[in-house]
There are 2 protein chains.
Amino acid sequence: MTLHDYLAHQQQLVDAQLDRLVPPETTPPETIHRAMRYSLFAGGKRIRPILCLEAARTVSDSAEGVFPVACALELVHTYSLIHDDLPALDNDDYRRGKLTNHKVFGDAMAILAGDALLTLAFEVLAKVEAPPGRKIRLIAELAAAAGTVGGMIGGQVADLEGEGKAPEPELLRTIHTAKTGAMLRASLRMGVVFAGGTKAQYNALSAYGEHIGLAFQIVDDILDVEQSSAALGKTAGKDAAQHKITFPAVYGLETSHRMAEEQCAHAHRVLAPFGDRARRLNELADHIVHRKS
Amino acid sequence: MTLHDYLAHQQQLVDAQLDRLVPPETTPPETIHRAMRYSLFAGGKRIRPILCLEAARTVSDSAEGVFPVACALELVHTYSLIHDDLPALDNDDYRRGKLTNHKVFGDAMAILAGDALLTLAFEVLAKVEAPPGRKIRLIAELAAAAGTVGGMIGGQVADLEGEGKAPEPELLRTIHTAKTGAMLRASLRMGVVFAGGTKAQYNALSAYGEHIGLAFQIVDDILDVEQSSAALGKTAGKDAAQHKITFPAVYGLETSHRMAEEQCAHAHRVLAPFGDRARRLNELADHIVHRKS
């Protein structure tokens with residue numbers, strides 16, 4: 001199966017699980033469940049869930065129970081997009097070519113829908129079929145990756161406060177390691193933890209997560225410069241307009257492209273001990289660096 | 001020790017634990033930790049943590065490790081206040097006589113500070129000193145009580161959507177059972193679960209939580225009508241101005257007072273089997289009904 005077909009199939013499986021885990025639109029209060037589902041099923045690529053699935057499969061032959069864990073990552077990712085798009089933050093009207101949550105449901109409901117998705121993520125993890133000790137590790141991983149100290153919220157704050165500051169490499173790295181890197185790394189780690197992987201496997205896939213996380217962000221910044229809004233499904237050129245610290249701003253486009261390739265090469269290197277088991281993770285690294293949107 | 005002195009002492013103990021659990025203001029990114037701490041230490045009465053502590057003490061003699069569990073409840077309560085006060089929701093400038101979070105730190109930081117407190121609550125529970133299976137039960141209780149189906153967010157949405165609707169008893173009960181009742185009941189339940197209480201103890205203290213939860217909300221609605229803004233430390237009379245469905249609006253003030261007393265009597269009744277062990281919980285029920293702010 002080509003990677004493209006494989007990813008499409010995995011997306012369908014993740015979507016089916018998400019549909020099962022989120023209350024239906026007919027459950028009162030209906031509005032909040034409609035709002036949660038609107039953003040959750042707005043065409044996300046399910047990168048975090050798929051990384052989690054692949055990490056579990058790379059270290060175990062019986063890891064199919066990992067799906068709810070993968071979904072918890074997407075619930076947190078979706079909450080962060082809804083809150084980031086709010087007028088008080090990035091003030092975006094479109095995401096993946098569709099109106100953002102608050103443009104459809106209003107700011108109040110968008111805030112609450114984000115809160116609800118975050119809360120649901122932990123409820124889902126508490127109910128995963130796994131030994132309690134393993135579930136606690138999953139919850140601790142997710143909370144840390146989404147939190148303020150080196151995690152997603154911390155990166156978001158550093159990013160907001162970095163607007164207009166001098167584009168220093170150190171600050172850039174700090175922001176992105178936290179803002180997108182922590183959750184991508186957690187996706188891999190949670191797959192390994194669920195599947196009962198060894199400490200060495202945990203460390204190797206953590207490193208893989210860090211490399212593709214950095215590559216992912218570099219490419220994101222490049223696409224914001226090089227692509228049109230239509231191709232991205234969101235407003236292009238916003239980073240420069242908001243004086244954000246980006247890889248192209250710090251290193252220039254050419255060096256940024258080279259850095260993304262280097263991170264990709266590092267990712268392949270740390271996967272070497274897994275041999276053919278890591279085939280899809282190797283393909284995903286290439287896919288992340290060469291994507292066009 | 002009088003209840004007043006006892007509560008003051010318990011508040012101090014809770015505050016000391018909260019201070020230990022939340023990153024210091026010097027930890028980067030500093031702003032978010034300042035924002036989290038600003039609302040967390042803005043004079044909260046710590047009702048939820050104290051209910052949790054007392055529930056644990058009522059069923060066990062060795063429950064002092066329950067403090068972080070109690071604090072997780074206050075982290076979630078504080079996040080909900082910060083988000084509720086936002087311009088997109090209740091648009092309140094003052095809370096407990098101090099400027100609300102967004103008035104000091106801006107809307108973006110207030111949204112993120114709320115998100116961070118919610119995330120931290122689950123991180124704290126994952127690290128509590130207790131058997132993993134018990135921790136999972138605590139996390140499931142908190143997530144459900146804070147969620148959309150019969151939980152806090154669900155109640156908040158029903159409340160928003162109820163503005164301007166006919167003041168029906170059924171709708172009123174639904175809103176408040178979810179909006180404030182679920183978290184108050186969870187405070188009791190989590191104390192029992194942490195302390196390893198029996199199913200019968202869990203059920204009895206759940207019922208106590210439901211009765212005082214309802215009493216608490218009735219009194220809140222009454223105070224909004226009868227007290228001045230200065231006495232409340234927040235804007236009085238807002239319920240009527242926003243056409244909220246309240247107990248005085250549905251039943252009138254006199255009947256509302258009587259209903260609060262009835263709930264208090266029910267609370268005492270379900271505590272009877274605990275005898276003197278439940279002394280403080282009995283006192284707390286009276287305290288909640290007779291408070292003036």
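## A walk through the two chains

Start in chain A and select α8(A) and α9(A): A:M152, A:G154, A:G155, A:Q156, A:A158, A:D159 and A:G162 on α8(A) meet A:L171, A:T174, A:I175, A:H176, A:A178, A:K179, A:A182 and A:M183 on α9(A). Colour that patch by residue class and you get 7 nonpolar, 6 polar and 2 charged residues in the contact of α8(A) with α9(A). One thing to keep in mind as you click around: this is a predicted model.

Now turn the view to look at the two helix axes. The axes of α8(A) and α9(A) come within 7 Å and cross at roughly 145 degrees. The crossing of this pair, α8(A) and α9(A), is left-handed.

Next, pick A:K165, in the loop between α8 and α9 of chain A. Is A:K165 buried or exposed? It counts as exposed, because A:K165 has 12 C-beta neighbours inside 10 Å. Setting aside neighbours within four places in sequence, A:K165 is in contact with A:L171 and A:I245. You've already met A:L171, on the α9(A) side of the helix pair. While you're here, put a distance on A:K165 and A:K244: they are 79 residues apart along the chain, yet their C-alpha atoms are separated by 8.2 Å.

Select α7(A) now, residues 132–146. A quick ruler check works nicely here: at 1.5 Å a residue, its 15 residues should span 21 Å, and the end C-alpha atoms are 21 Å apart, which agrees. Show the buried residues of α7(A): A:K135, A:I136, A:L138, A:I139, A:E141, A:L142, A:A143, A:A144, A:A145 and A:A146. Two charged names, A:K135 and A:E141, are in that buried set.

What covers the buried residues of α7(A)? From chain A, the cover includes α4 (67–85), α6 (107–127), α8 (152–162) and α9 (169–194). Chain B joins in too, with its α6 and α7.

That's your cue to bring up chain B. Across the interface, 42 residues of chain B are in contact with 42 residues of chain A. On the chain B side, α2 (30–40), α6 (107–127), α7 (132–146) and α8 (152–162) each supply at least two residues. The largest share, 13 residues, comes from α6(B). By class, the side of chain B that touches chain A divides into 26 nonpolar, 10 polar and 6 charged residues.

Stay on α6(B) for a moment. Its 21 residues should span 30 Å at 1.5 Å a residue, and its end C-alpha atoms are 30 Å apart, so the ruler check agrees. Of those 21 residues, 19 are buried, so α6(B) is largely enclosed by the rest of the structure.

Zoom out and look at both chains together. A rotation of 180 degrees, with 0.0 Å of shift along its axis, superposes chain B on chain A with an RMSD of 0.0 Å. That is the relation of a two-fold axis. To find the axis from chain B, click B:P132: its C-alpha is the nearest in that chain, 2.6 Å from the axis. The same surface serves both copies, since 100% of the contact residues of chain B recur in chain A.

Last stop: B:F274, in the loop between α14 (253–271) and α15 (279–290) of chain B. B:F274 counts as partly exposed, because it has 17 C-beta neighbours inside 10 Å. Finish with a distance to B:A204: the two are 70 residues apart in sequence and 9.4 Å apart in space, C-alpha to C-alpha.

How values were computed. Residues numbered from 1 in each chain as written. Chains lettered and ligands numbered in written order. Predicted model: local features only at pLDDT ≥ 70, side-chain atom pairs only at ≥ 80, totals over all residues. Least-squares fit on C-alpha atoms with pLDDT ≥ 70 in both. Contact = placed C-beta atoms within 7 Å. Helix = DSSP H or I, 4+ residues; strand = E, 2+ residues; numbered from the N terminus. Expected span 1.5 Å × (residues − 1). Buried ≥ 20, exposed ≤ 12 C-beta atoms within 10 Å, placed from the backbone. Axes fitted to C-alpha atoms, helices over the stretch in contact; angles between N-to-C directions. Left-handed = near helix turned anticlockwise from the far one by under 90°.
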